[in-house]
Structure formats: structure tokens, C-alpha cells
Amino acid sequence: METFEMIQSRKAVRKYSGQITDEQLNNILLAANAGSVGLGKFDEYRLTAIQKPEILSQMTGIYDAPTVIVVSGKNNGLMDGNSAGTIVHNMELEAENQGLGANYNMASLGFIPDGVIPDGFKPLFALTLGQTDETFTPREISLKRIQTNIVK
Ligand SMILES: Cc1cc2nc3c(=O)[nH]c(=O)nc-3n(C[C@H](O)[C@H](O)[C@H](O)COP(=O)(O)O)c2cc1C
């Protein structure tokens with residue numbers, strides 16, 4: 001899909017119809033690694049792809065997603081949250097590129113069982129993922145959705 005069309009088609013998908021393939025997961029993880037982090041300190045972040053039903057069942061607010069990818073960081077300041085945002089957004093767009101349903105997620109961060117996220121890292125942001133029956137076509141998006149001042 002052409003990039004701008006894809007951006008306009010992006011939407012939060014909260015209904016999933018099945019598990020993603022390992023190849024789809026790899027592409028999404030590659031997109032995550034193509035993201036940016038502040039000061040280029042990639043070692044201060046970790047990705048945890050959770051597909052184990054026993055763990056997912058303990059996480060609320062994930063809409064029964066069969067895959068949740070959590071971005072965690074050594075710190076949880078503004079820089080870290082923003083970096084996690086770029087990583088998750090890259091994954092979200094690649095998910096859409098593959099026709100998968102995905103959504104940004106913070107609601108589950110407090111419900112990740114102990115031992116899932118690497119020691120010394122704090123969950124910052126997550127993506128819920130799965131197959132979907134939804135289709136992606138450009139949405140009518142108002143230029144006023146976010147109030148803007150142009151200063152010139
Ligand atoms: C930082 C952030 C956190 C979010 N957390 C959640 C969440 O926990 N659960 C959820 O269902 N959606 C979550 N969302 C998705 C937004 O609610 C959704 O993108 C927004 O309502 C706009 O809808 P759209 O993505 O379809 O344009 C989050 C989005 C962002 C950017």
C-alpha cells in the first residue's frame with residue numbers, strides 16, 4: 001500500500017480472529033528494530049513478544065489478542081516513553097501492511113506477570129496483534145482532529 005494511503009487507513013483494531021504467523025511476527029519485530037530511540041541507546045530497550053495463553057489470560061485490557069508485544073526500557077522518563085512510541089508505531093504500521101489487526105496498548109502494562117519482562121526493565125508501551133476480518137481503506141480524517149497552530 002502506498003505510504004500516505006496506509007497512514008490514513010490506520011485504525012485501532014480490537015477484534016482478532018486468529019494467531020499471526022512466525023513470518024508475520026518476524027516482519028513486525030524487524031519494523032520495531034527499524035524504529036528510533038533517543039540518543040541511539042538501543043540497549044536500554046527490550047522487546048517481549050508474548051504468545052503464551054497462560055500469560056495472556058492474566059493480562060487485562062488486551063481484547064483477547066493472541067499476541068502482545070511489550071516494549072520495556074531501563075528507565076521510564078519522557079525520552080523512554082517517546083522512544084517506545086516510535087517502536088510501537090513502526091510495528092503498528094507493519095502489522096497493517098500485512099493486513100493484520102493491531103492496536104497500541106497501555107492498559108495491560110500493569111498486569112504483566114512477574115518474570116515475563118527482563119529484570120531491570122519497565123514496561124513502557126505495547127501492541128496487541130492478531131489476524132482480523134477488518135479491511136483497511138483510507139478514512140475521512142479531519143485536519144482539525146488535533147487542534148493546530150501554524151506559527152509563521
Ligand atoms: C499512548 C497510547 C496508549 C493507548 N492505549 C490503549 C489501550 O490501552 N487500550 C486501547 O484499547 N487503546 C489504546 N490506545 C489506542 C487509542 O485509544 C486509539 O488509537 C484512539 O482512540 C484513536 O483511534 P484510531 O487509532 O482508530 O484512530 C492507545 C493509544 C496511544 C497512542
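A crossing of two helices is called left-handed if the near helix is turned anticlockwise from the far one by less than a right angle, and right-handed if clockwise. With that in hand, welcome to the close-ups of this predicted model.

**View 1. Helices α2 and α4 make a right-handed crossing.** Two packed helices are described by the angle between their axes and the distance between the axes. Here the axes of α2, residues 22-33, and α4, residues 78-97, come within 7 Å of each other and cross at roughly 145°.

**View 2. Side by side, α2 and α4 share a contact made by residues from both helices.** On the α2 side, look for N27, I28, A31 and A32. Their partners in α4 are I87, N90, M91, E94 and A95. Sorted by class, this contact holds six nonpolar residues, two polar ones and one charged.

**View 3. The ligand sits in a shell of 13 residues.** The closest of them are R10, A12, R14, A107 and R139. Strand β3, covering residues 101-105, gives the most to this shell, with three residues. If you like to think in chemical classes, the shell divides into six nonpolar, five charged and two polar residues.

**View 4. Oxygen atoms of the ligand meet polar side-chain atoms of the protein, including one from R10.** For R10, the distance from a polar side-chain atom to a ligand oxygen is 2.9 Å. R145 likewise has a side-chain N or O atom 2.9 Å from an oxygen of the ligand. For Y63, the distance between a side-chain N or O atom and a ligand oxygen is 3.5 Å. Taken alone, the ligand would expose 630 Å², and the protein buries 63% of that area.

Technical notes
Residues numbered from 1 in each chain as written. Predicted model: local features only at pLDDT ≥ 70, side-chain atom pairs only at ≥ 80, totals over all residues. Heavy atoms only, no water. Near = heavy atom within 4 Å. Polar contact = N/O pair within 3.5 Å; in protein donor to acceptor, adjacent residues only side chain to side chain. Areas by Shrake-Rupley, 256 points an atom, 1.4 Å probe, with all protein chains shown as cover. Helix = DSSP H or I, 4+ residues; strand = E, 2+ residues; numbered from the N terminus. Nonpolar A, V, L, I, M, F, W, Y, C, P; charged D, E, K, R; others polar. Axes fitted to C-alpha atoms, helices over the stretch in contact; angles between N-to-C directions. Contact = heavy atoms within 4.5 Å.
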